[in-house]
Amino acid sequence: MNKKFPENFLWGGAVAANQCEGAYDEDGKGLSIEDVTPKGIRGPITKEPTKENLKLKGIDFYHKYKEDIKLFSEMGFKVFRLSIAWTRIFPNGDEENPNELGLEFYDDIFDECHKYGIEPLVTISHYEMPLYLAKKYNGWSSRKTIDFFEKYVRTIFNRYKNKVKYWLTFNEINSIIHMPLLAGIMTPADKITKSEIYQAIHHQLVASALATKIGHEIIPNSKIGCMVIAVPIYPLTPDPEDVMTAFKADRENLFFTDVQVKGKYPFYIKRYFKENNIDLKIELGDEEILKNTVDFISFSYYMSACASSKSEENKKSGNMIMGVKNPYLKESEWGWQIDPKGLRYVLNTFYERYDKPLFIVENGLGAKDELIEDENGNKTVIDDYRIKYLNDHIIEIKEAIEDGVEVMGYTSWGCIDLVSASTAEMSKRYGFIYVDRNDDGSGTLSRYKKKSFYWYKELIETNGESLEK
(Lines give C-alpha, C1' and ligand atoms only; values in the text may rest on other atoms or scores of the structure.)
Protein backbone atom coordinates (compact mmCIF):
# COMPACT_ATOMS: atom_id res chain seq x y z
CA MET A 1 0.00 0.00 0.00
CA ASN A 2 1.32 3.44 -0.95
CA LYS A 3 1.61 5.53 2.23
CA LYS A 4 0.30 9.03 1.66
CA PHE A 5 -0.62 12.05 3.71
CA PRO A 6 -4.33 13.00 3.54
CA GLU A 7 -5.16 15.54 0.82
CA ASN A 8 -6.38 18.05 3.42
CA PHE A 9 -3.31 17.64 5.67
CA LEU A 10 -2.47 20.94 7.37
CA TRP A 11 1.23 21.68 6.80
CA GLY A 12 2.69 24.78 8.48
CA GLY A 13 4.78 26.28 11.24
CA ALA A 14 4.41 27.57 14.78
CA VAL A 15 5.53 30.52 16.91
CA ALA A 16 4.57 32.12 20.24
CA ALA A 17 3.84 35.81 20.78
CA ASN A 18 6.32 36.24 23.64
CA GLN A 19 9.19 34.76 21.60
CA CYS A 20 8.71 36.62 18.34
CA GLU A 21 6.52 39.74 18.58
CA GLY A 22 8.69 42.14 20.60
CA ALA A 23 7.01 45.55 21.04
CA TYR A 24 6.55 44.63 24.70
CA ASP A 25 5.37 48.11 25.71
CA GLU A 26 3.75 49.37 22.50
CA ASP A 27 0.11 50.16 21.76
CA GLY A 28 -1.11 49.60 25.30
CA LYS A 29 0.41 46.16 25.92
CA GLY A 30 0.92 45.29 29.59
CA LEU A 31 3.75 43.25 31.11
CA SER A 32 3.66 39.44 31.16
CA ILE A 33 5.80 37.03 33.16
CA GLU A 34 7.98 36.67 30.05
CA ASP A 35 9.01 40.31 30.26
CA VAL A 36 10.76 39.70 33.60
CA THR A 37 12.51 36.38 32.82
CA PRO A 38 15.55 37.50 30.78
CA LYS A 39 17.37 34.17 31.15
CA GLY A 40 14.43 32.04 30.05
CA ILE A 41 11.84 30.07 31.95
CA ARG A 42 14.40 28.43 34.22
CA GLY A 43 16.18 31.68 35.09
CA PRO A 44 15.62 34.29 37.81
CA ILE A 45 12.78 36.83 37.81
CA THR A 46 13.69 40.52 37.60
CA LYS A 47 11.67 43.33 39.21
CA GLU A 48 11.27 45.18 35.93
CA PRO A 49 12.00 44.39 32.27
CA THR A 50 15.76 44.58 31.67
CA LYS A 51 17.73 45.39 28.53
CA GLU A 52 19.29 41.91 28.39
CA ASN A 53 15.85 40.31 27.86
CA LEU A 54 15.80 39.49 24.14
CA LYS A 55 12.06 38.78 24.26
CA LEU A 56 11.32 42.50 24.69
CA LYS A 57 12.22 42.99 21.04
CA GLY A 58 11.95 39.36 19.89
CA ILE A 59 12.39 39.24 16.13
CA ASP A 60 10.10 42.29 15.80
CA PHE A 61 7.29 40.21 14.29
CA TYR A 62 4.97 42.95 15.58
CA HIS A 63 6.23 45.24 12.83
CA LYS A 64 7.44 42.64 10.31
CA TYR A 65 4.53 40.18 10.29
CA LYS A 66 3.55 41.01 6.68
CA GLU A 67 7.05 40.16 5.42
CA ASP A 68 7.12 36.97 7.50
CA ILE A 69 3.66 35.70 6.54
CA LYS A 70 4.56 36.30 2.87
CA LEU A 71 7.60 34.04 3.38
CA PHE A 72 5.38 31.39 5.02
CA SER A 73 3.08 31.55 2.00
CA GLU A 74 6.10 31.05 -0.28
CA MET A 75 6.72 27.77 1.52
CA GLY A 76 3.08 26.88 0.92
CA PHE A 77 1.83 26.93 4.52
CA LYS A 78 -1.75 25.75 4.88
CA VAL A 79 -1.78 26.71 8.58
CA PHE A 80 0.13 29.07 10.85
CA ARG A 81 0.11 28.48 14.59
CA LEU A 82 0.55 31.61 16.68
CA SER A 83 -0.56 32.79 20.11
CA ILE A 84 -2.42 35.86 21.27
CA ALA A 85 -0.59 37.82 23.96
CA TRP A 86 -3.16 38.07 26.77
CA THR A 87 -1.52 41.35 27.87
CA ARG A 88 -2.19 42.98 24.47
CA ILE A 89 -5.93 42.41 25.01
CA PHE A 90 -6.12 42.98 28.79
CA PRO A 91 -2.84 44.66 29.85
CA ASN A 92 -3.19 43.77 33.56
CA GLY A 93 -5.64 40.93 33.04
CA ASP A 94 -8.45 42.39 35.13
CA GLU A 95 -9.58 45.44 33.12
CA GLU A 96 -13.25 46.12 32.44
CA ASN A 97 -12.69 46.75 28.74
CA PRO A 98 -10.18 45.26 26.27
CA ASN A 99 -7.39 47.20 24.56
CA GLU A 100 -8.67 47.98 21.06
CA LEU A 101 -5.17 48.42 19.57
CA GLY A 102 -4.26 44.91 20.70
CA LEU A 103 -7.42 43.46 19.16
CA GLU A 104 -6.73 45.31 15.89
CA PHE A 105 -3.20 43.88 15.69
CA TYR A 106 -4.49 40.29 15.60
CA ASP A 107 -7.29 41.28 13.21
CA ASP A 108 -4.55 42.45 10.84
CA ILE A 109 -2.51 39.26 11.29
CA PHE A 110 -5.49 36.98 10.61
CA ASP A 111 -6.44 39.05 7.56
CA GLU A 112 -2.88 38.74 6.28
CA CYS A 113 -2.98 34.95 6.76
CA HIS A 114 -6.29 34.66 4.88
CA LYS A 115 -4.91 36.80 2.06
CA TYR A 116 -2.56 33.88 1.32
CA GLY A 117 -5.06 31.11 2.09
CA ILE A 118 -3.38 30.27 5.42
CA GLU A 119 -5.60 29.11 8.30
CA PRO A 120 -4.61 30.57 11.70
CA LEU A 121 -4.29 28.05 14.53
CA VAL A 122 -4.45 30.17 17.68
CA THR A 123 -3.11 29.33 21.13
CA ILE A 124 -5.15 31.28 23.69
CA SER A 125 -2.54 31.12 26.46
CA HIS A 126 1.09 30.41 25.61
CA TYR A 127 3.08 31.17 28.79
CA GLU A 128 1.64 34.70 28.61
CA MET A 129 0.23 35.23 32.12
CA PRO A 130 -0.19 38.96 32.83
CA LEU A 131 2.44 39.92 35.40
CA TYR A 132 -0.18 41.79 37.43
CA LEU A 133 -2.28 38.61 37.86
CA ALA A 134 0.85 36.63 38.72
CA LYS A 135 1.83 39.12 41.43
CA LYS A 136 -1.62 39.85 42.86
CA TYR A 137 -3.24 36.40 42.63
CA ASN A 138 -0.25 34.05 42.22
CA GLY A 139 -1.50 33.15 38.76
CA TRP A 140 -3.50 29.94 38.42
CA SER A 141 -3.17 29.27 42.15
CA SER A 142 -6.20 31.53 42.52
CA ARG A 143 -9.72 30.56 41.54
CA LYS A 144 -10.29 34.19 40.50
CA THR A 145 -7.98 33.71 37.53
CA ILE A 146 -10.68 31.53 35.92
CA ASP A 147 -12.99 34.58 35.80
CA PHE A 148 -10.31 36.79 34.24
CA PHE A 149 -9.52 34.07 31.69
CA GLU A 150 -13.22 33.61 30.86
CA LYS A 151 -13.56 37.31 30.07
CA TYR A 152 -10.45 37.16 27.88
CA VAL A 153 -11.65 34.12 25.90
CA ARG A 154 -15.15 35.53 25.40
CA THR A 155 -13.56 38.71 24.05
CA ILE A 156 -11.32 36.97 21.52
CA PHE A 157 -13.91 34.37 20.43
CA ASN A 158 -16.45 37.12 19.75
CA ARG A 159 -13.90 39.31 17.98
CA TYR A 160 -12.37 36.62 15.75
CA LYS A 161 -15.31 34.25 15.26
CA ASN A 162 -15.28 34.84 11.50
CA LYS A 163 -11.50 34.66 11.16
CA VAL A 164 -10.27 31.76 13.32
CA LYS A 165 -11.60 28.21 13.21
CA TYR A 166 -8.80 26.31 14.99
CA TRP A 167 -8.00 27.06 18.64
CA LEU A 168 -5.82 25.62 21.43
CA THR A 169 -6.60 26.47 25.06
CA PHE A 170 -3.27 26.24 26.95
CA ASN A 171 0.17 25.62 25.54
CA GLU A 172 1.82 22.55 27.10
CA ILE A 173 -0.62 22.56 30.02
CA ASN A 174 1.33 19.76 31.75
CA SER A 175 4.42 21.99 32.01
CA ILE A 176 3.04 23.38 35.30
CA ILE A 177 4.27 20.27 37.15
CA HIS A 178 7.86 21.04 36.20
CA MET A 179 7.74 24.86 35.88
CA PRO A 180 4.94 26.42 37.99
CA LEU A 181 6.04 29.92 36.90
CA LEU A 182 4.66 29.20 33.42
CA ALA A 183 1.23 29.19 35.05
CA GLY A 184 2.00 32.55 36.65
CA ILE A 185 2.76 30.98 40.03
CA MET A 186 5.35 33.17 41.74
CA THR A 187 5.94 30.77 44.64
CA PRO A 188 9.44 29.31 44.07
CA ALA A 189 9.31 25.78 42.61
CA ASP A 190 11.20 24.34 45.59
CA LYS A 191 8.73 25.88 48.07
CA ILE A 192 5.43 24.95 46.45
CA THR A 193 3.55 21.85 47.64
CA LYS A 194 2.03 19.21 45.36
CA SER A 195 -1.36 20.12 46.77
CA GLU A 196 -0.89 23.74 45.66
CA ILE A 197 0.26 22.66 42.19
CA TYR A 198 -2.69 20.34 41.64
CA GLN A 199 -5.12 23.00 42.87
CA ALA A 200 -3.71 25.34 40.22
CA ILE A 201 -3.94 22.49 37.67
CA HIS A 202 -7.60 22.03 38.60
CA HIS A 203 -8.24 25.72 37.96
CA GLN A 204 -6.53 25.47 34.56
CA LEU A 205 -8.46 22.33 33.59
CA VAL A 206 -11.76 23.99 34.52
CA ALA A 207 -10.72 27.10 32.56
CA SER A 208 -9.75 24.98 29.54
CA ALA A 209 -13.11 23.15 29.57
CA LEU A 210 -14.95 26.46 30.04
CA ALA A 211 -13.08 27.96 27.06
CA THR A 212 -14.01 24.89 25.00
CA LYS A 213 -17.68 25.31 25.96
CA ILE A 214 -17.72 29.04 25.21
CA GLY A 215 -15.86 28.56 21.92
CA HIS A 216 -18.36 25.97 20.71
CA GLU A 217 -21.24 28.30 21.63
CA ILE A 218 -19.83 31.42 19.97
CA ILE A 219 -18.19 29.68 16.96
CA PRO A 220 -20.29 26.55 16.25
CA ASN A 221 -17.96 25.30 13.46
CA SER A 222 -14.78 25.79 15.53
CA LYS A 223 -12.31 23.03 16.34
CA ILE A 224 -10.86 23.45 19.83
CA GLY A 225 -7.97 21.35 21.05
CA CYS A 226 -5.86 20.82 24.14
CA MET A 227 -2.06 20.97 23.94
CA VAL A 228 0.46 18.97 25.96
CA ILE A 229 4.15 18.12 26.05
CA ALA A 230 4.42 14.60 24.68
CA VAL A 231 7.44 12.69 25.95
CA PRO A 232 7.17 8.91 25.78
CA ILE A 233 8.75 7.36 28.87
CA TYR A 234 10.58 4.08 28.32
CA PRO A 235 11.78 1.82 31.15
CA LEU A 236 15.60 1.97 31.23
CA THR A 237 15.78 -1.82 31.72
CA PRO A 238 13.33 -4.77 31.75
CA ASP A 239 13.50 -4.67 35.57
CA PRO A 240 9.81 -4.62 36.64
CA GLU A 241 10.65 -1.74 39.02
CA ASP A 242 11.82 0.34 36.04
CA VAL A 243 8.73 -0.67 34.05
CA MET A 244 6.47 0.49 36.88
CA THR A 245 8.43 3.74 37.31
CA ALA A 246 8.02 4.49 33.59
CA PHE A 247 4.33 3.60 33.75
CA LYS A 248 3.73 6.05 36.61
CA ALA A 249 5.76 8.81 34.94
CA ASP A 250 3.73 8.37 31.75
CA ARG A 251 0.48 8.63 33.67
CA GLU A 252 1.60 11.92 35.21
CA ASN A 253 1.42 13.40 31.70
CA LEU A 254 -1.55 11.39 30.42
CA PHE A 255 -3.60 12.74 33.34
CA PHE A 256 -3.92 16.08 31.53
CA THR A 257 -5.23 14.58 28.29
CA ASP A 258 -7.44 12.11 30.19
CA VAL A 259 -9.32 14.99 31.85
CA GLN A 260 -9.57 17.19 28.74
CA VAL A 261 -10.59 14.37 26.40
CA LYS A 262 -12.69 12.17 28.69
CA GLY A 263 -14.22 15.01 30.69
CA LYS A 264 -13.49 13.72 34.19
CA TYR A 265 -10.70 12.88 36.60
CA PRO A 266 -9.29 9.38 35.88
CA PHE A 267 -9.65 6.55 38.40
CA TYR A 268 -5.92 6.26 39.11
CA ILE A 269 -5.48 9.84 40.30
CA LYS A 270 -7.37 9.19 43.56
CA ARG A 271 -4.63 6.97 44.91
CA TYR A 272 -1.95 9.47 43.82
CA PHE A 273 -3.78 12.30 45.59
CA LYS A 274 -4.20 10.19 48.73
CA GLU A 275 -0.53 9.13 48.88
CA ASN A 276 0.68 12.71 48.30
CA ASN A 277 -1.74 14.41 50.72
CA ILE A 278 -3.42 16.32 47.90
CA ASP A 279 -6.82 17.66 48.90
CA LEU A 280 -8.47 19.57 46.07
CA LYS A 281 -11.15 22.20 46.52
CA ILE A 282 -13.58 21.25 43.77
CA GLU A 283 -16.53 23.63 43.64
CA LEU A 284 -20.10 22.79 42.75
CA GLY A 285 -20.42 22.81 38.96
CA ASP A 286 -16.73 22.10 38.22
CA GLU A 287 -17.36 18.46 37.32
CA GLU A 288 -20.14 19.52 34.96
CA ILE A 289 -17.86 22.07 33.26
CA LEU A 290 -15.12 19.43 32.78
CA LYS A 291 -17.53 17.45 30.58
CA ASN A 292 -16.91 20.00 27.80
CA THR A 293 -14.25 17.99 26.03
CA VAL A 294 -11.89 18.99 23.22
CA ASP A 295 -12.32 18.19 19.51
CA PHE A 296 -8.72 17.14 18.99
CA ILE A 297 -5.43 16.61 20.84
CA SER A 298 -2.37 18.64 19.91
CA PHE A 299 1.11 18.25 21.32
CA SER A 300 4.77 19.17 21.14
CA TYR A 301 7.25 16.40 20.47
CA TYR A 302 11.01 16.84 20.66
CA MET A 303 12.36 13.82 22.49
CA SER A 304 11.69 10.71 24.54
CA ALA A 305 13.06 9.84 27.97
CA CYS A 306 13.81 6.80 30.08
CA ALA A 307 12.79 6.10 33.66
CA SER A 308 14.65 4.14 36.31
CA SER A 309 13.74 3.16 39.85
CA LYS A 310 17.32 4.04 40.80
CA SER A 311 17.31 7.78 41.41
CA GLU A 312 21.06 8.16 40.92
CA GLU A 313 20.85 7.34 37.20
CA ASN A 314 22.17 9.97 34.78
CA LYS A 315 19.35 12.47 34.22
CA LYS A 316 18.84 14.47 31.03
CA SER A 317 16.61 17.53 30.71
CA GLY A 318 14.69 18.52 27.63
CA ASN A 319 11.66 20.73 27.07
CA MET A 320 11.14 20.83 30.85
CA ILE A 321 10.69 17.10 31.44
CA MET A 322 13.60 15.35 33.12
CA GLY A 323 14.43 11.77 32.23
CA VAL A 324 17.20 9.22 32.37
CA LYS A 325 19.59 9.20 29.41
CA ASN A 326 18.81 6.60 26.75
CA PRO A 327 22.09 4.87 25.76
CA TYR A 328 20.74 4.12 22.27
CA LEU A 329 20.00 7.70 21.20
CA LYS A 330 22.05 10.65 19.96
CA GLU A 331 21.38 14.14 21.27
CA SER A 332 21.21 17.72 20.03
CA GLU A 333 23.70 20.47 20.94
CA TRP A 334 21.43 21.27 23.89
CA GLY A 335 21.35 17.66 25.11
CA TRP A 336 17.85 16.78 23.89
CA GLN A 337 17.82 13.14 22.78
CA ILE A 338 16.64 12.56 19.22
CA ASP A 339 14.06 9.79 18.78
CA PRO A 340 11.92 9.92 15.59
CA LYS A 341 10.30 6.54 16.30
CA GLY A 342 9.07 7.95 19.61
CA LEU A 343 6.77 10.23 17.59
CA ARG A 344 5.06 7.26 15.91
CA TYR A 345 4.79 5.63 19.34
CA VAL A 346 3.15 8.75 20.84
CA LEU A 347 0.71 9.11 17.94
CA ASN A 348 -0.40 5.49 18.29
CA THR A 349 -0.63 5.73 22.08
CA PHE A 350 -2.84 8.83 21.99
CA TYR A 351 -5.07 7.54 19.20
CA GLU A 352 -5.55 4.12 20.79
CA ARG A 353 -6.39 5.73 24.16
CA TYR A 354 -8.67 8.54 22.92
CA ASP A 355 -9.84 7.89 19.33
CA LYS A 356 -9.61 11.64 18.60
CA PRO A 357 -7.82 13.44 15.75
CA LEU A 358 -4.22 14.42 16.55
CA PHE A 359 -2.17 17.47 15.57
CA ILE A 360 1.61 17.77 15.96
CA VAL A 361 1.92 21.50 16.67
CA GLU A 362 5.59 21.59 17.73
CA ASN A 363 8.57 19.60 16.54
CA GLY A 364 12.01 20.71 15.46
CA LEU A 365 15.73 20.91 16.08
CA GLY A 366 17.29 23.75 18.03
CA ALA A 367 20.81 24.21 16.65
CA LYS A 368 23.54 26.78 16.07
CA ASP A 369 23.43 27.97 12.47
CA GLU A 370 26.19 29.59 10.42
CA LEU A 371 25.13 32.28 7.97
CA ILE A 372 27.19 32.01 4.77
CA GLU A 373 27.12 33.31 1.19
CA ASP A 374 26.15 30.84 -1.54
CA GLU A 375 27.65 30.79 -5.04
CA ASN A 376 25.22 33.52 -6.14
CA GLY A 377 26.20 35.82 -3.28
CA ASN A 378 22.96 35.24 -1.34
CA LYS A 379 23.14 34.75 2.41
CA THR A 380 21.86 31.36 3.60
CA VAL A 381 22.39 28.48 6.05
CA ILE A 382 23.21 24.96 4.86
CA ASP A 383 21.22 23.23 7.59
CA ASP A 384 21.29 19.60 6.44
CA TYR A 385 21.19 18.53 10.11
CA ARG A 386 17.77 20.21 10.50
CA ILE A 387 16.48 18.70 7.26
CA LYS A 388 17.52 15.22 8.44
CA TYR A 389 15.86 15.70 11.85
CA LEU A 390 12.57 16.88 10.33
CA ASN A 391 12.63 14.33 7.49
CA ASP A 392 13.12 11.44 9.92
CA HIS A 393 10.31 12.60 12.20
CA ILE A 394 7.85 13.27 9.38
CA ILE A 395 8.51 9.77 7.99
CA GLU A 396 7.29 8.41 11.33
CA ILE A 397 4.12 10.53 11.08
CA LYS A 398 3.53 8.90 7.71
CA GLU A 399 4.02 5.48 9.31
CA ALA A 400 1.50 6.36 12.03
CA ILE A 401 -1.03 7.41 9.39
CA GLU A 402 -0.46 4.04 7.72
CA ASP A 403 -1.06 2.45 11.14
CA GLY A 404 -4.51 4.02 11.00
CA VAL A 405 -3.94 7.09 13.17
CA GLU A 406 -5.95 10.20 12.22
CA VAL A 407 -3.45 13.08 12.00
CA MET A 408 -4.79 16.55 11.13
CA GLY A 409 -1.53 18.34 10.48
CA TYR A 410 2.02 19.29 11.38
CA THR A 411 3.44 22.68 12.36
CA SER A 412 7.20 22.71 12.87
CA TRP A 413 8.32 24.76 15.85
CA GLY A 414 9.96 28.14 15.30
CA CYS A 415 9.40 28.16 11.52
CA ILE A 416 11.28 31.44 11.65
CA ASP A 417 14.13 31.88 14.14
CA LEU A 418 12.91 33.29 17.46
CA VAL A 419 14.02 33.71 21.07
CA SER A 420 14.29 30.35 22.81
CA ALA A 421 11.77 29.79 25.64
CA SER A 422 14.05 27.60 27.75
CA THR A 423 17.24 29.67 27.51
CA ALA A 424 16.14 33.06 26.04
CA GLU A 425 18.94 32.78 23.44
CA MET A 426 18.77 33.60 19.74
CA SER A 427 21.56 31.15 18.97
CA LYS A 428 19.26 28.15 19.60
CA ARG A 429 17.63 28.36 16.18
CA TYR A 430 14.76 26.26 14.81
CA GLY A 431 13.66 28.16 11.72
CA PHE A 432 13.52 27.71 7.98
CA ILE A 433 14.18 31.46 7.95
CA TYR A 434 17.32 32.92 9.55
CA VAL A 435 16.84 36.13 11.52
CA ASP A 436 19.93 38.32 11.90
CA ARG A 437 19.90 38.83 15.64
CA ASN A 438 22.53 37.64 18.12
CA ASP A 439 22.54 36.67 21.79
CA ASP A 440 23.92 40.11 22.70
CA GLY A 441 20.94 41.75 20.97
CA SER A 442 22.93 43.01 17.98
CA GLY A 443 21.90 42.39 14.38
CA THR A 444 19.87 43.91 11.54
CA LEU A 445 16.78 41.66 11.99
CA SER A 446 17.06 40.87 8.25
CA ARG A 447 15.48 37.59 7.13
CA TYR A 448 17.32 34.97 5.02
CA LYS A 449 16.04 31.68 3.60
CA LYS A 450 17.92 28.59 4.79
CA LYS A 451 18.36 25.43 2.71
CA SER A 452 15.56 23.88 4.81
CA PHE A 453 13.17 26.61 3.51
CA TYR A 454 13.29 25.08 0.03
CA TRP A 455 13.21 21.53 1.41
CA TYR A 456 9.99 22.24 3.35
CA LYS A 457 8.48 24.08 0.37
CA GLU A 458 8.97 20.96 -1.78
CA LEU A 459 7.65 18.72 0.99
CA ILE A 460 4.40 20.74 1.17
CA GLU A 461 4.13 20.97 -2.64
CA THR A 462 4.36 17.18 -2.94
CA ASN A 463 2.25 16.54 0.20
CA GLY A 464 5.12 14.58 1.75
CA GLU A 465 6.11 12.61 -1.36
CA SER A 466 9.58 14.19 -1.39
CA LEU A 467 10.59 12.62 1.94
CA GLU A 468 13.84 10.64 1.87
CA LYS A 469 13.65 7.18 3.42
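Colleague: What makes both faces of strand 1 count as covered?

Modeller: In this predicted model, Leu10, Gly12 and Ala14 lie on one side of strand 1, Trp11 and Gly13 lie on the other, and all are buried. Buried requires under 20% relative accessible area. Strand 1 spans residues 10-14, and five of its five residues are buried, which makes the strand mostly covered.

Colleague: How do you know that strand 1 is paired with strand 2 and with strand 14?

Modeller: Pairing requires at least two bridges between two strands. Strand 1 and strand 14 (residues 407-413) are joined by five bridges and run parallel; Trp11 has Tyr410 as its bridge partner there. With strand 2 (residues 79-83), strand 1 has three bridges, again in the parallel sense, and Ala14 stands opposite Arg81. Both counts, five and three, satisfy the requirement of at least two.

Colleague: Why is strand 7 called largely enclosed?

Modeller: Strand 7 covers residues 296-300, and five of its five residues are buried, so the rest of the structure largely encloses it. Phe296, Ser298 and Ser300 point one way, Ile297 and Phe299 point the other way, and all are buried.

Colleague: Which strands pair with strand 7?

Modeller: Strand 5 (residues 223-229) is joined to strand 7 by five parallel bridges, with Ile229 opposite Ser300. Strand 11 (residues 358-362) also runs parallel to strand 7, over four bridges, and Phe359 in strand 11 is the bridge partner of Ser298.

Colleague: Which residues touch the most other members of the largest nonpolar core?

Modeller: They are Trp167 and Phe299, in a core of 134 residues. Helix 7 (residues 194-218) supplies the largest share of this core, twelve residues. Another core, of ten residues, lies apart from it and includes Val79, Leu121, Tyr166 and Phe296. Membership requires buried residues joined through side-chain atoms within 4.5 Å.

Colleague: How do you know that Cys113 is in no disulfide?

Modeller: A disulfide requires two cysteine sulfur atoms within 2.5 Å. The cysteine sulfur nearest to that of Cys113 belongs to Cys415 and is 10 Å away, so the cut-off of 2.5 Å is not met. The count for the model is zero disulfides.

Colleague: What rules out a bond for Cys415, and why is this residue called buried?

Modeller: The closest cysteine sulfur to that of Cys415 is in Cys20, at 8.6 Å, which is too far for a bond. Cys415 has a relative accessible area of 0% and is therefore buried, the limit being under 20%. Cys113 is likewise buried, with a relative accessible area of 0%.

Conventions. Residues numbered from 1 in each chain as written. Predicted model: local features only at pLDDT ≥ 70, side-chain atom pairs only at ≥ 80, totals over all residues. Heavy atoms only, no water. Buried < 20%, exposed > 50% of the residue type's maximum accessible area, 1.4 Å probe, protein only. Helix = DSSP H or I, 4+ residues; strand = E, 2+ residues; numbered from the N terminus.
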